[in-house]
Amino acid sequence: MMMLMNEIIVYVALVLTGLALGSFAGASVWRLRARQLESDKKHGDDYDPKEYKRLKKLLGKKVRSDRSRCLECGYELKWYDLIPLVSWISLGGKCRSCKHPIGKFEPLIELGVAAFFVLSYMFWPSGLTSGYEIAHFVLWLAAGVVMAMLFAYDAKWYLLPDRLVVALAVIGLAIAVLVGLNSGTVVTTLLSAVGAVGVLAGLYAVLYGASRGRWVGFGDVKLGVGLGLLLISWELAFVALFLANFIGCLIVIPLMLAKKLKRTSRIPFGPLLIMGTILAWFVGTPLLAWYMSGLGLY
Ligand SMILES: [Zn+2]
């Protein structure tokens with residue numbers, strides 16, 4: 001009974017923190033986009049003036065505060081407009097002030113992060129008792145928040161902002177060091193992590209070089225560094241790569257058949273790589289064992 005109560009408390013805590021951090025992630029993505037447009041404008045790069053005018057509101061004095069604004073009318077959201085999911089549902093997905101639809105972006109990212117938190121707990125592949133292990137879990141959740149922002153940004157604007165890619169790599173490095181310290185084999189673990197980075201970033205680096213940036217962007221290469229560090233093992237990195245391409249085919253082939261996608265359409269690789277990595281972390285080890293036993297190698 002006590003055990004069950006504890007489990008319920010853990011799940012409720014994971015859902016609530018996931019929703020709250022998902023809400024933070026959603027607001028951060030818009031702010032990052034506004035900054036990106038501002039910097040493009042400053043550097044004379046291509047940018048959409050209409051989009052800039054809309055998002056400029058987010059770059060006021062309060063950039064650093066947690067407050068967000070309505071992109072249409074500039075209405076400053078109050079605390080009761082910022083309750084994850086609840087506010088969106090109670091407002092019917094519309095701004096309280098101007099009734100303009102807010103879009104499904106915010107609730108989706110909130111739900112996504114909450115689901116990631118819960119699934120991470122359910123499918124956590126190693127122990128969760130020692131301080132090291134719990135620290136690893138918490139860092140992984142933090143990485144999940146960054147991955148959610150990268151996922152959303154890349155899916156929407158075909159770009160992986162440097163700030164986020166670097167943040168992910170730093171968290172990944174911390175995890176690799178932590179896992180190494182815990183197992184008492186820092187050097188071996190770091191070498192293994194370097195192998196994983198080689199697999200995930202290496203292939204995309206080759207594709208980037210071969211296509212001169214037409215097939216994949218350099219952002220995908222940099223993303224591979226952070227994702228490789230998160231996985232630590234090069235075998236799991238291969239699984240992640242395989243799953244990313246597999247999911248990609250599942251999405252792309254039906255779209256192509258329905259003629260919704262042209263051969264020249266751009267596909268953001270970031271979200272696929274992120275999904276592949278998360279799945280590889282959850283089920284990669286049993287998947288590999290199953291595959292190897294099928295080949296008669298075990
Ligand atoms: Zn409004």
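A nonpolar core, as used in this tour, is a set of buried Ala, Val, Leu, Ile, Met, Phe, Trp, Tyr and Cys residues joined through C-beta atoms within 7 Å. A residue is buried if 20 or more other C-beta atoms lie within 10 Å of its own, exposed if 12 or fewer, and partly exposed in between, with C-beta atoms placed from the backbone. The model on screen is predicted, and for that reason local features need pLDDT of at least 70 and side-chain atom pairs count only at pLDDT 80 or more, while totals for chains, interfaces and linings use all residues. Residues are numbered from 1 along each chain as its sequence is written.

**The core**

Select Ala148, Met149, Leu150, Leu231 and Ala240 to begin, since of the 67 residues in the largest nonpolar core these touch the most other members. Then colour the elements that give two or more residues to this core, namely helix H1 (2-42), helix H4 (105-122), helix H5 (131-157), H6, helix H7 (186-211), H8, H9 and helix H10 (269-294). Helices here are DSSP runs (H or I, at least four residues), numbered from the N terminus. The largest share of the core, eleven residues, comes from H5.

**H5 against H10**

Keep H5 selected and add H10: their axes come within 7 Å and cross at roughly 150 degrees. Axes are lines fitted to C-alpha atoms, for helices over the stretch in contact, and angles run from 0 to 180 degrees between N-to-C directions. H5 and H10 are therefore roughly antiparallel to each other, on a scale in which angles under 35 degrees count as roughly parallel, over 145 as roughly antiparallel, 65 to 115 as roughly perpendicular and the rest as oblique. The crossing of this pair, H5 and H10, is left-handed; that term applies if the near helix is turned anticlockwise from the far one by less than a right angle, and right-handed applies if clockwise.

For the contact itself, show Met147, Leu150, Phe151, Asp154 and Ala155 in H5, which meet Gly270, Pro271 and Ile274 in H10; two residues are in contact if their C-beta atoms, placed from the backbone, lie within 7 Å. By class, the contact of H5 with H10 has six nonpolar residues, one polar and one charged, where Ala, Val, Leu, Ile, Met, Phe, Trp, Tyr, Cys and Pro count as nonpolar, Asp, Glu, Lys and Arg as charged, and the others, Gly among them, as polar.

**H8 against H9**

Move next to helix H8 (residues 218-231) and helix H9 (residues 234-257), whose axes come within 8 Å and cross at roughly 125 degrees. H8 and H9 are therefore oblique to each other, and H8 passes H9 in a right-handed crossing. Here Leu227, Gly228 and Leu231 of H8 meet Leu236, Ala237 and Ala240 of H9, a contact made up of five nonpolar residues, one polar and no charged. Two residues of this contact, Leu231 and Ala240, were also in the opening selection of core residues.

**H6 against H7**

Select H6 with H7, which pack at an angle of about 145 degrees with their axes 7 Å apart, in a right-handed crossing. Ala176, Val177, Val179, Gly180, Leu181 and Ser183 on the H6 side meet Val186, Thr189, Leu190 and Ala193 on the H7 side, and this contact divides into seven nonpolar, three polar and no charged residues.

Within helix H6 (residues 162-183), centre the view on alanine 167, which is partly exposed, with 18 other C-beta atoms within 10 Å. A C-alpha to C-alpha distance drawn from alanine 167 to valine 146, 21 residues apart in sequence, reads 7.4 Å.

**Loops and a last helix**

Most residues other than glycine have a negative phi. Tyrosine 158, in the loop between H5 and H6, has a positive phi near 55 degrees and is partly exposed, with 14 other C-beta atoms within 10 Å. Lysine 99, in the loop between helix H3 (86-90) and H4, has a positive phi near 65 degrees and is exposed, with 11 other C-beta atoms within 10 Å.

The loop between H3 and H4 also holds glycine 103, which is exposed, with 11 other C-beta atoms within 10 Å. Between the C-alpha atoms of glycine 103 and tryptophan 215, 112 residues apart along the chain, the separation is 30 Å.

Finish at glutamate 51 in helix H2 (residues 49-55), which counts as partly exposed with 14 C-beta neighbours inside 10 Å. The C-alpha atoms of glutamate 51 and leucine 37, 14 residues apart along the chain, are separated by 8.2 Å.
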